[in-house]
Amino acid sequence: MTTDDMLAPATGAAALAEFDRTTSRWGRLTMLAGLSLSLGAPLYLVFSGTVDVTTVQLWTAFAAVAGTFFIIWIVEPLTYFPILGPAAMYQAFMIGNIANKLLPAALIAQANIGAKPGTKRAELAAVLAICGAAMVHLISLAIFVGLLGTWLISVIPADIVAVTRSYILPSVLGAVLVQAIVSMKRPRATVIALLVASAITLVVVPAMPELALASTAIVVIVTGVLSWFLRNKNRKAPSELAMIE
């Protein structure tokens, strides 16, 4: 083994460590900048007196939104992180449309190169896939919405538009689910997830409708706990896989 061969792993590890530091630093800064821009206009309208909104009304509106989306705020990061990794998570939450665009792109990229979720190889594949997905999205929006949007809506029959609205989301999410099952290759966890989701959807929620909003969180938590306790103890941990790849 030559000296270059011995230095290559150390050099690669140092480069990956620098990549993590850089993405963490700029990821936080860009997320804070995006948050500031998002809240800037509403805060200006509130505090400038242009919009007559009281503090009580503001917190009431926040409570209404939080009551609806609080579970999603917790579930989405926990669900996406094992597949995307920290760097791609910054990208995903800045861009949006994670479940129906960015996550499928990352899964397909990882499956095509044989990258195991939880490894650095999979994380880098997710980063590049999200860059490509965002580029395609912007170009398609510019062409099919900015230039041709009004014309396309006028020539597409209303019945087709209605059918598309009804089935496009289930078809995209179904494709994401199948791709996740195929790429992650965790049959035991897949069976547990399907059984838990079926039980919560078909038994628990009909019996206790008040749990409908929390059903997704319940499925994720119960599936995670059961998968952990029923896992194959002889299988290599993600940290070991990351070292191998």
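Is Arg188 buried, partly exposed or exposed? Arg188 is partly exposed, because its relative accessibility is 46%, and the cut-off for buried is under 20% while exposed means over 50%. I will come back to that residue once the rest is laid out. Please keep in mind that what you see is a predicted model.

First, the overall picture. The protein has 9 helices and 0 strands. Read from the N terminus, the order of elements is α-α-α-α-α-α-α-α-α. The chain has 245 residues, and 20% of them count as buried. The exposed surface comes to about 16700 Å², with 74% of that supplied by carbon and sulfur atoms. If you take the contacts between residues at least 6 apart in sequence, 66% of them join residues at least 24 apart.

Now helix 1, which covers residues 3–47. The residue to look at there is Thr23. Thr23 counts as buried, since its relative accessibility is 19% and the limit for buried is under 20%. What does Thr23 touch, leaving aside its neighbours within four places in sequence? The contacts are Arg28, Ala87 and Tyr90. Tyr90 is 67 residues away from Thr23 in sequence, yet the two C-alpha atoms are 8.2 Å apart in space.

Next, the loop between helix 2, residues 55–95, and helix 3. Asn97 sits in that loop. Its phi is near 55 degrees, which is a positive value in a residue other than glycine. For background, most residues other than glycine have a negative phi. Asn97 is partly exposed, at a relative accessible area of 41%.

That takes us into helix 3, residues 98–113. I will pick out two residues there, Pro104 and Gln110.

Pro104 is buried, because its relative accessible area is 15%. Not counting residues up to four places away in sequence, Pro104 touches Ile98, Ala99 and Val176. There is also a distance to note: Pro104 and Val178 are 74 residues apart along the chain, and their C-alpha atoms are separated by 10.0 Å.

Gln110 is also a residue of helix 3, and it is buried, with a relative accessible area of 1%. Which residues does Gln110 touch, again not counting those up to four places away? They are Ile83, Ala115, Pro117, Ala122, Ala125 and Ala126. Of these, Ala122, Ala125 and Ala126 are in helix 4 and belong to the contact with helix 3.

So let us look at that helix pair as a whole. Helix 4 covers residues 120–147, and it packs against helix 3 at an angle of about 130 degrees, with the axes 8 Å apart. The two helices are therefore oblique to each other, because an angle above 115 degrees but not over 145 falls in that class. Their crossing is right-handed. On the helix 3 side, the contact uses Lys101, Leu102, Ala105, Ala106, Ala109, Gln110 and Ile113. On the helix 4 side there are Arg121, Ala122, Ala125, Ala126, Ala129, Ile130, Ala133 and His137. By class, the residues of this contact are 11 nonpolar, 2 polar and 2 charged.

The other pair I want to show is helix 7, residues 187–207, with helix 8, residues 215–229. Their axes cross at roughly 145 degrees and come within 9 Å. This crossing is right-handed. Helix 7 contributes Ala189, Ile192, Ala193, Val196, Ala197, Ile200 and Val205. Helix 8 contributes Ser215, Ile218, Val219, Val222, Thr223, Leu226 and Ser227. How many residues of each class does this contact have? There are 11 nonpolar and 3 polar residues, and no charged ones.

Finally, back to Arg188, which lies in helix 7. Where does it make its contacts, not counting residues up to four places away in sequence? Arg188 touches Leu230, Arg231 and Asn232. Arg188 and Ser227 are 39 residues apart in sequence, with 7.6 Å between their C-alpha atoms. Ser227 is one of the helix 8 residues in the contact with helix 7.

To recap, this is a predicted model with 9 helices and 0 strands. The two helix pairs I covered were helix 3 with helix 4 and helix 7 with helix 8.

Definitions and conventions: Residues are numbered from 1 along each chain as its sequence is written. This is a predicted model: local features need pLDDT of at least 70, side-chain atom pairs count only at pLDDT 80 or more; totals for chains, interfaces and linings use all residues. Side-chain values use heavy atoms; hydrogens and water are left out. Helices (H or I, at least four residues) and strands (E, at least two) are DSSP runs, numbered from the N terminus. Buried means under 20% relative accessible area, exposed over 50%, partly exposed in between (1.4 Å probe, protein chains only). Contact means heavy atoms within 4.5 Å. Accessible areas come from the Shrake-Rupley method with a 1.4 Å probe; for residues, only the protein chains shown count as cover. Axes are lines fitted to C-alpha atoms, for helices over the stretch in contact, and angles run from 0 to 180 degrees between N-to-C directions. Angles under 35 degrees count as roughly parallel, over 145 as roughly antiparallel, 65 to 115 as roughly perpendicular and the rest as oblique. A crossing is left-handed if the near helix is turned anticlockwise from the far one by less than a right angle, and right-handed if clockwise. Ala, Val, Leu, Ile, Met, Phe, Trp, Tyr, Cys and Pro count as nonpolar, Asp, Glu, Lys and Arg as charged, and the others, Gly among them, as polar.
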